[in-house]
Amino acid sequence: MAAAAAPSAPPKKIVAPTVSQINAEYVTQLANKYWAPHVKKTLSFDVKVITSAILFAIRKIMLLEFSQYLENYLWMNYSPEVSSKAYLMSICCMVNEKFRENVPAWETFKKRPEHFPFFFKRILEALLVENESEYSLHEQTVLLLFLDHCFNSLEVDLIRGQVQQLISLPMWMALQPNRLEQELKKTPKLRKFWNLIKKNDAKMDEESRMQAYRERRFLSQLIQKFISVLKSIPVSGPISMDKVHYCERFIELMLDLEALLPTRRWFNTVLDDSHLVVHCYLSSLAKREKEGHLFCQLLDMLKFYTGFEINDQTGNALTENEMTTIHYDRITSLQRAAFAHFPELYDFALSNVAAVDTREALVKLFGPLSSNVLHQVASYLCLLPPLAEGEDTSHEKEFLLELLVSRHERRISQIQQLNQMPLYPTEKIIWDENIVPTEYYSGEGCLALPKLNLQFLTLHDYLLRNFNLFRLESTYEIRQDIEDSVSRMKPWLSEYGGVVFGGWARMAQPIVSFTVVEVAKPNIGENWPMRVRADVTINLNVRDNIKDEWEGLRKHDVCFLITVRPMQPYGTKFDRRQPFVEQTGLVYVRGCEIQGMLDEKGRVIEEGMIYQNAPNPNQDLKVIAEHTEYFWIQTSISKT
């Protein structure tokens, strides 16, 4: 184990292609013939060029973008007559590449906007294709990413004009009739608008009405298609990564729709009516530890935003009391339905809310019920369509039970969630590349990170996103420091099964002894220790200037306690291209705060006192460390 606080690792060089390599590429030669801006005489437009140029390799797409393929060839020559699958995919790939490189993507479309509505409709049609022989899941993932960029570009008039047709009040047409009636009762003024929508629909011709219906039901149909793809993933065995990437991008799209006020207002009800979050948590992908890790992280973020503390209609932030009132209303409505129609639930109906709103209590009460009874309970709450007389439910009992429990269990407030977060990052966060990407992250994949958009749901949402990003940015720097220090220490497996360090680091030292001296009781309302204090002893057999730095540690300085259990034998070279944790055998990382240093007699050296160096150059330095996180793992120490 070592206490490490080291300088950042030196940046690694990224080799860029040379000019001769770029010119030798087939894409560059094609650009010089047809659309390169520096070529005076180019060949006329040929659709076959688009078919030959469509590629999904990131290197080729970068070259196409560099040659201004979208501006000078694709959109300039686009029209409904030449529109094809290859044409659609090429445009979407180029737009996605522009967003990946953080360059303006919509300027070309603004200059020639007349064909954009037709192009956008073709994208929507392609996204709902069920047959993978027409559009593979990889191609549909590209289209999903393009659609996500559209929803995140509502400030562009051209984009907003098309997107608003998908996320306005008429999209509630996809709701169950009982749920629609329930929502209109909650907000009476919406009924007036809904009746007006129905009158306008009656005046439309058949073709316009069918087109409007397709647009209003688009997101609901897309959700159902996603659920079918999700259910096709097995619990174990081989898995198609195209399906996994499709599911990840889809959850990212749902997350972005929930995290923006203009899209959330009507969409949140449709999402809740589809029970997407319940389907996802019960899916096989969520149970696969490796392939479903990023999916579960995105799903947790989506669940957080579906229950965000905001009024969807007014946009006002809800207080803790208002959120509690909503929770109590849900429980009491369930109790009323149980009392009126289900005699077997009388005990639940007559209990107080605090006694039955935990997950354990709800599972115990509703678990013994049959699937048909659970479906009837859900239908009384307008969560599912009612069953016909003598009809059996088509849903599994696990789904029905989770639907009722997840909707009515006691929620944890945002403040409580923040207070439960660890004060310092642990090894599970530090080396999780889904939330703390490496310097080699290219932007191709999906990350479980909040986005800083032009709009936020509330002030709290804005502060929370910035806080999380700042915390993870600090974690990235901590990871660099730890990797640099531990790799310099060169931990190896000794002949006797212990740990031997073959190197040294300026701000990392092996721990001689480690003793927990105090574990304070938790504060009222908390379930983690208020304080954990420990004595840490290290041997400063180092140069004087380094020794002075260690002795310069003062109260409230932060260090990290690291446990390593290497499996590599003595003398093994470390390869920076291989995973760091596996090579070094790093097991635990815990942050701590210096409370003071001890002298020879075990007394704390107060701040401001002159520290007298002992004549022994191998003097042991004793530090009292305080650990204030909500967990503490006491591990075995390997002495060196």
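Reader: With which side chain does the side chain of S83 make a polar contact of 3.0 Å, R122 aside?

Author: First the term. A polar contact is a pair of N or O atoms within 3.5 Å; within protein, one must be able to donate a hydrogen and the other to accept it, and residues adjacent in sequence count only if both atoms are side-chain atoms. Here the side chains of S83 and R122 make such a contact, at 3.0 Å. The side chain of Y78 is joined to that of S83 by a polar contact of 3.0 Å. This is a predicted model: local features need pLDDT of at least 70, side-chain atom pairs count only at pLDDT 80 or more, and totals for chains, interfaces and linings use all residues. Residues are numbered from 1 along each chain as its sequence is written, and side-chain values use heavy atoms, leaving out hydrogens and water.

Reader: Is S83 buried or exposed?

Author: Buried means under 20% relative accessible area, exposed over 50%, partly exposed in between (1.4 Å probe, protein chains only). S83 has 14% relative accessibility, so S83 counts as buried.

Reader: Which residues does S83 touch, not counting those up to four places away in sequence?

Author: Contact means heavy atoms within 4.5 Å. By that rule, S83 touches Y78, L88, F118 and R122.

Reader: At what angle do α8 and α9 pack?

Author: Helices (H or I, at least four residues) are DSSP runs, numbered from the N terminus. Axes are lines fitted to C-alpha atoms over the stretch in contact, and angles run from 0 to 180 degrees between N-to-C directions. Helix α8 (residues 116-127) packs with helix α9 (residues 137-151) at about 130 degrees, their axes 10 Å apart.

How values were computed:
Helices (H or I, at least four residues) and strands (E, at least two) are DSSP runs, numbered from the N terminus.
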